[in-house]
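Please examine the sequence and the three-dimensional structure shown below. The paragraphs that follow are meant to be read alongside them.

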Amino acid sequence: MPTATIPVPRKVTRPRADAVRNRERIVTAAREMFVEHGPDVPLDEIARRAGVGNATVYRNFPDREALVREVVCSVMDRTAEAAEVALAETGDAFAALERFVHVSADERISALCPMISSSFDKHHLDLEASRERVEQLVEEVMGRAVAAGQLRSDVGVGDLMIAVAQLSRPPAGTDCLRGDRFVHRHLQIFLDGLRAPARSALPGTAVTIKELREC
């Protein structure tokens, strides 16, 4: 009777530390340059800023779409993590919401997310996962803040995301660096206006996640 062959478990190869660092440097450089110059910045310029060779960029990201997707996903993931940490540390839903809003501005979500346009696959699984994580987290945090009497009840997730995007952009005719020093001030004014009790009745209805995706 033949002896059954027992499969030998394959050893999982982990990327070298320097390879991980190079990938992180590429993503960081790409984020900075996409904000400064838009998604069409030459990849060799990104490689130069990251301090790596062109081959290293293409080894990690076979095309521009893959790099843009990684940048946008990493930004959304970091903003979600910031809100999760704030909620875990304080248990204060409104404080977690404030952390999310301010980190979103620092991460340049308003400049980066629109790059996922018709020229890229907006429904890629990685993008969908990161987007849904952010949306579900913000929806949960806002719901908890409303239940705690901290947040006015006539504001939706879509209202928040649109306002953050608009307030994080520099005014027309100004450069980004000069406009940046006002961003967090204006975002805090907006956040204070979200606190309960509401001081006025808002026109229209709260903007939902579905409506935001259809914009």
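The explanation begins with one helix and then turns to the core.

This is a predicted model. A suitable starting point is helix α2, which spans residues 43–50 and has L43, I46, A47 and A50 as its buried residues. These residues lie on the same side of α2, because they cover an arc of only 100° around the axis. A general property of helices helps in reading this pattern. An α-helix has 3.6 residues a turn, so residues three or four places apart point the same way. The elements that cover the buried residues of α2 include α1 (17–37), α3 (54–60) and α4 (64–90). Just after α2, G51 adopts a positive phi of about 75°.

The same part of the chain carries an annotation. According to an unreviewed UniProt entry, residues 42–61 are a "DNA-binding region". In the model, this span is 75% helix and 0% strand, and its end C-alpha atoms are 14 Å apart.

Attention now moves to the interior. The largest nonpolar core comprises 55 residues, and F34, I46, L67 and L160 have the most contacts inside it. At least two residues of this core come from each of α1, α2, α4, α5 (93–106), α6 (109–112), α7 (125–147), α8 (157–168) and α9 (176–194). The greatest contribution is that of α4, with 12 residues.

Which residues does L160 touch, leaving aside those up to four places away in sequence? They are L97, F100, V101, V138, M142, F190 and L194.

Aromatic rings complete the account. The structure holds 0 aromatic pairs. The ring of F94 nevertheless has the charged end of R195 over it, 4.0 Å from the ring centre.

Definitions and conventions: Residues are numbered from 1 along each chain as its sequence is written. This is a predicted model: local features need pLDDT of at least 70, side-chain atom pairs count only at pLDDT 80 or more; totals for chains, interfaces and linings use all residues. Side-chain values use heavy atoms; hydrogens and water are left out. Buried means under 20% relative accessible area, exposed over 50%, partly exposed in between (1.4 Å probe, protein chains only). Helices (H or I, at least four residues) and strands (E, at least two) are DSSP runs, numbered from the N terminus. The arc is that of the directions from the helix axis to the C-beta atoms. Contact means heavy atoms within 4.5 Å. Rings of Phe, Tyr and Trp (its six-membered ring) pair if their centres lie within 6.5 Å; planes under 30 degrees apart count as stacked, over 60 as edge-to-face and the rest as tilted. A charge sits over a ring if NZ of Lys or CZ of Arg is within 6 Å of the ring centre and within 35 degrees of the ring normal. UniProt positions are given in the numbering used here, feature names are shortened, and annotations may be inferred rather than shown by experiment. A nonpolar core is a set of buried Ala, Val, Leu, Ile, Met, Phe, Trp, Tyr and Cys residues joined through side-chain atoms within 4.5 Å.
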